[in-house]
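Here are a few exercises to try with the model open in your viewer. Have a go at each one before you read the solution.

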Amino acid sequence: MSVTLLQFENLKKQFGYHRAVKSASGEIRENDYISLYGVNGAGKSTLLYLLSGVYKPDAGKITYPGHGPSTGPIPGPIPGKKQFCADMQLMSHQSMFYARLSARDNLAFFQKLYGEVNADEVLFALELTGLLEARNKFIDGFSRGMIQRLMIARMVLAKPGFVFFDEPFTGLDIRGQKLLLSIMKKRGIVDLKWKIKGFIFVDHDIERAYELGEAIWYIQNGELQEPMTKKDMPLSQLRELLG
Amino acid sequence: MRIFRTLLAKELRLYFFGTSFYMVSSILSIGLFLLFRFTYPSEQINMEIAVSVLWAVHTISSLFSLIASQEWEWEANALRAVKLSGVEGYVVFLTKSLASIISMFLLWILEFLVWMVLYGGDLFKPGVGGYAQDLTAPLVVMAAQVLVAGLLASIGIAFIGQVTSVLALHSRFRHVLMFIVFFPISIPLVIAASSYTRLAVALKGWSAGLNFLSLEAAFCLFFSAAGVILYDYLWEE
């Protein structure tokens, strides 16, 4: 029986008058490789940000098994959330890097937050992502694709157990796409002894999302539907649904 | 401690190497000093005006420091990544405040030196400053008092600034909001610091104006506690 990483119940999130997520309940277990589908504006990214802790839900609760709920009079990292966060990475539209620090300094900084910094590992991650030459440049001079690569480098250094991918292929060139595809297909990098124990993946390329994910989540008008398997939902049917 | 050191080193690196904060603040401060210096001819210079100019300039440059510190967190939502790594809000608050204190205090020393060069000659001419007749303390004591007033004000402004900064962070009008929220809250602190500096520059010695120092210390204590307790809450909301 795989471990339950996260359970969420009746999550709601509203921006002004727009109800981005109206109702979302479910759970994420170890070895869940989930592709999340929905048309534009259905609430995919918002749901991802709610589950990863970027947004605080307006209602509902997220629990981390064996620990208390994440809501309270003064929200803050609680043990369960802290443990989950320490083993989680988010690849999103926002780079979440310091624009006026170099690529190397940014990576070293984030690595230090997770543990001791290893300069060789930082250089390895930069080389793997093809950013070694640009290592001393400030991020504010980076293209979208370079920032995406740097996010892959940060992920490789952190070796997270769980990853939230929000359109991670956006802006990546062929080499970057191949690298990320390989990481997602192999569920990590064996040489680094890094195994991804689960992910949620949002991508506009339905075929790619279908290939990489195992479970199917579908969100419609802010409401997360019951999880499905590929047997329940063949690709042709999914295409029709999203078309 | 590792996380504290890492966050502090990042803040200081951004202040001193990542941005042109010091260059901009120094040019702004010197420009403002010169503007006032030549607006008021030397025979009209008095202690009230000169010290007020010093504190007005320092408050404005401190606000720049706080906006810079807010901006690099906002640009790509980098602070979000820090928070997602499980770092607690009060640690972020304390490291950001400490870096602001260091940068503001160094700026204060720089501004005070420039201010002394531009105004000191007139202020310490017997009779001109209006206070120089009743010297009760040597200049070293005056310098130490000014540093203490500047340090306490830097601590208070940094704590107030980080609390108001996180309040304004999620707003589209965060820069305007910083001015609107920060100034009213910090005015008593700046007035206290300015009043104490005036007494110090008038060479009244340590004992004069201790109530002003106490007010500064009270601000520091109150806002440091408020920041530690509320930072996470304000960040989330």
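**Exercise 1: the surroundings of one methionine**

In this predicted model, A:Met88 touches A:Ser52, A:Pro160 and A:Phe162, leaving aside residues up to four places away in sequence. Work out where A:Met88 sits and whether A:Met88 is buried or exposed.

Solution. Start with the secondary structure: A:Met88 belongs to strand 5 (residues 88-91) of chain A. Next, count neighbours: there are 24 other C-beta atoms within 10 Å of A:Met88. The cut-off for buried is 20 or more, so A:Met88 is buried. For scale, try A:Gly43 too: 45 residues apart along the chain, its C-alpha atom and that of A:Met88 are separated by 21 Å.

**Exercise 2: two helices across the chains**

Describe how helix 3 (residues 103-114) of chain A packs on helix 1 (residues 2-18) of chain B.

Solution. Get the geometry down: the angle is about 160 degrees and the axes are 9 Å apart. Angles over 145 count as roughly antiparallel, so that's what this pair is. The crossing is left-handed. Now pick out the residues: A:Phe109, A:Lys112 and A:Leu113 on one helix meet B:Arg2, B:Ile3, B:Thr6 and B:Lys10 on the other. Sort them by type and you get 3 nonpolar, 1 polar and 3 charged.

**Exercise 3: the whole interface**

How many residues of chain A are in contact with chain B, and which helix of chain A gives the most?

Solution. Count both sides: 25 residues of chain A contact 25 of chain B. On the chain A side, helix 2 (79-86) and helix 3 each supply at least two residues. Helix 3 gives the most, with 5 residues. Finally, the chain A side splits into 16 nonpolar, 5 polar and 4 charged residues.

Key. Residues are numbered from 1 along each chain as its sequence is written. Chains are lettered from A and ligands numbered from 1 in the order in which they are written. This is a predicted model: local features need pLDDT of at least 70, side-chain atom pairs count only at pLDDT 80 or more; totals for chains, interfaces and linings use all residues. Axes are lines fitted to C-alpha atoms, for helices over the stretch in contact, and angles run from 0 to 180 degrees between N-to-C directions. Helices (H or I, at least four residues) and strands (E, at least two) are DSSP runs, numbered from the N terminus. Angles under 35 degrees count as roughly parallel, over 145 as roughly antiparallel, 65 to 115 as roughly perpendicular and the rest as oblique. A crossing is left-handed if the near helix is turned anticlockwise from the far one by less than a right angle, and right-handed if clockwise. Two residues are in contact if their C-beta atoms, placed from the backbone, lie within 7 Å. Ala, Val, Leu, Ile, Met, Phe, Trp, Tyr, Cys and Pro count as nonpolar, Asp, Glu, Lys and Arg as charged, and the others, Gly among them, as polar. A residue is buried if 20 or more other C-beta atoms lie within 10 Å of its own, exposed if 12 or fewer, and partly exposed in between; C-beta atoms are placed from the backbone.
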